[in-house]
Amino acid sequence: MLTRYHSVHADTVPAEVVVVGAGPAGLTLANLLRRNGIGCVVLERQSRRYVENRARAGLLEYRAVEMLRSHGLADRLLELGAPHGVCEFRIGGKRFILPYSDLYEGRTHYVYPQQELVKDLIEAFVDSGGDIRFEAKDVALHGISGSAPSVTWVGSDGEQHRVRCEFIAGCDGFRGVSRPSIPAGGVREFSHQPGIAWLGVLAEVPPSTEHVIYALHPKGFAGHMLRSPTVSRFFLQCPVDDSTAAWPDDRIWAELHERFAVPGSDWKLSEGRIIEKGVVDMRGHVTEPMAYGRLFLLGDAAHVITPVGAKGMNLALHDAEVLATALAGYYRGGDESGLTEYSETCLRRVWRCQEFSQWMTTAIHGTGDRFEDRTARTRLENLFRSPASAAWFAENYVGLM
Ligand code: RFL
């Protein structure tokens, strides 16, 4: 049972878990904790309206959907989301279709916008009586090395609050406060910038395709991702130091037409109103271990991954499932093994996804080096020549079980 105080000096009754951040990681964890009878409070810097409208990812792995379904959190997703088992590569103006679901026991992705999942998870948590504080400013973590950590924040009422807890789940993304709260030397950081960026574009236009398109072009990669029947996401490879100012709408459409072109085919790209554009960092980053004292890091707070393989949101959900299971074991029978192994369990999947995303990143982007570009192209063409290569791709793309 959580008691709230309006003074940082007041004594408190401990909560069990404080979850910092209401993205896919924090909200999934919070829902699973409630289903296990573990008390938690979620602190989110932004407003509910803001997080429910933040468009980002859209491809959920088979495993993630099964996990959400098993906890009764996938009803709307299964009703409105679309199964997805085919992708297309465009190489040298030719189309190569890969029915990856057929190569992996019929398992599919689900196309479902991240903000819709966030809405569902907030609703499920609030409906079950969950305690979530939006617009929580100046969140600060205290005593994470000891046995009685606490979290302070300034609430939407302008007052400072403190809650003592047993564990803190840092689910506040790459630029949150959780990871920087770890003392210097407490974790190791691994970072990689592949020297490219993507211009991410969201447009109000029905998709011009039934499946994801990855197009390789001498001017750089172009991607067409699915989001909903009325909204599509596009990506254009651009320089790391590029800015949206250099990309007026007509330039975006001209580049998309050029990079997706398939000479001799009747395929056509539909245009619509561009509602969002931004330069996406293609950085890979991993924090090891994903825990320090009583603080556990989840999702983007622990690792970021290029959007190439559509893994970021899926890893966030996996971390949440692993930590919820570990905490359930701890509170049910005092079993600490899940908590001890949390980081190692998550990192195995994180590094496999990083490896796959790096493989895809190098395969679909030109480096400008003619030799490297030919080997990258051969790597993709192998998917259509070698059943073993295609099966490997399918398993990694749909997601490891
Ligand atoms: P989030 O979603 O960033 O949520 C973190 C939450 O913490 C809040 N926060 C704080 N709250 C309190 N105090 C503070 N000091 C705070 N600082 C931050 C934030 O407001 C936010 O609500 O992290 P989480 O939960 O780990 O989820 C990770 C995913 O959001 C991310 O990995 C994906 O969006 C990545 N990604 C994709 N992943 C996929 O699996 N498939 C995709 O197709 C895919 N496409 C994408 C993407 C990411 C993109 N961008 C914008 C980086 C496409 C794009 C364009």
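User: Let's start with empty space. How many cavities of 30 Å³ or more does a search of the whole structure find?

Analyst: The search turns up 1 cavity of that size. Keep in mind that this is a predicted model. The largest cavity has a volume of about 80 Å³.

User: What makes it a cavity rather than a pocket?

Analyst: A cavity is a set of points where a 1.4 Å probe fits but cannot get out, whereas a pocket is an open set. Rolling a probe the size of a water molecule over the atoms shows where empty space is left.

User: Which residues line the largest cavity?

Analyst: Among them are E61, R63, A64 and M67, along with N314, L315, H318 and R349. Helices α3 (62-70), α7 (312-333) and α8 (337-364) are the elements that give two or more residues to that lining. The biggest giver is α7, with 5 residues.

User: How do the lining residues of the largest cavity divide into nonpolar, polar and charged?

Analyst: There are 5 nonpolar, 2 polar and 4 charged residues. Met, Leu, Ala and Cys count as nonpolar, while Glu and Arg count as charged. So M67 and C353, both in the lining, go with the nonpolar ones, and E321 and R349, also in the lining, go with the charged ones.

User: On to burial. Why is R259 called buried?

Analyst: Buried means under 20% relative accessible area. R259 has 5%, so it counts as buried. R259 lies in helix α6 (residues 249-260), and its side chain reaches the backbone oxygen of F221 at 2.9 Å. A polar contact needs N or O atoms within 3.5 Å, so this distance fits the cut-off.

User: And N31, is it buried or exposed?

Analyst: N31 is buried, because its relative accessibility is 0% and the cut-off is under 20%. You'll find N31 in helix α1 (residues 24-35). Its side chain reaches the backbone nitrogen of F125 at 3.2 Å, which also falls within the 3.5 Å limit.

User: What makes strand β10 mostly covered?

Analyst: Strand β10 spans residues 150-154, and 4 of its 5 residues are buried.

User: How do you know that β10 pairs with β9 and with β11?

Analyst: Two strands pair if there are at least two bridges between them. Strand β9 (residues 137-142) and β10 have 4 bridges, and 5 bridges join β10 to β11 (residues 160-170), so both cases pass the cut-off. Each pairing is antiparallel. For example, K137 stands opposite V154 in β10, and the bridge partner of S150 in β11 is R164.

User: Which residue in the turn between β10 and β11 has a positive phi?

Analyst: That's G158, at about 85°. The two strands form a hairpin with 5 residues between them.

User: Why are β3 and β4 said to stand at the edges?

Analyst: The sheet is an open one of 3 strands in the order β3-β7-β4, with antiparallel pairing. Both β3 (59-60) and β4 (82-84) have a single partner strand, so one side of each is left without a neighbour in the sheet. Between β4 and β7 (residues 109-111) there are 3 bridges, and H84 has H109 as its bridge partner in β7.

User: Finally, which residues come nearest to the ligand?

Analyst: Of the 34 residues around the ligand, the nearest are E44, R54, Q114, D300 and M313.

User: What makes the M313 approach a polar contact?

Analyst: A backbone N or O atom of M313 lies 2.7 Å from an oxygen atom of the ligand, so the pair is within the 3.5 Å cut-off. The backbone of R45 also qualifies, with an N or O atom 3.1 Å from a ligand nitrogen atom.

Methods: Residues numbered from 1 in each chain as written. Predicted model: local features only at pLDDT ≥ 70, side-chain atom pairs only at ≥ 80, totals over all residues. Heavy atoms only, no water. Buried < 20%, exposed > 50% of the residue type's maximum accessible area, 1.4 Å probe, protein only. 1 Å grid on protein atoms, 1.4 Å probe; cavity = no way out; pocket = protein on both sides within 12 Å on 5 of 7 lines; lining within 4 Å. Points joined across faces, edges and corners; volume = space filled by probe spheres on them. Near = heavy atom within 4 Å. Polar contact = N/O pair within 3.5 Å; in protein donor to acceptor, adjacent residues only side chain to side chain.
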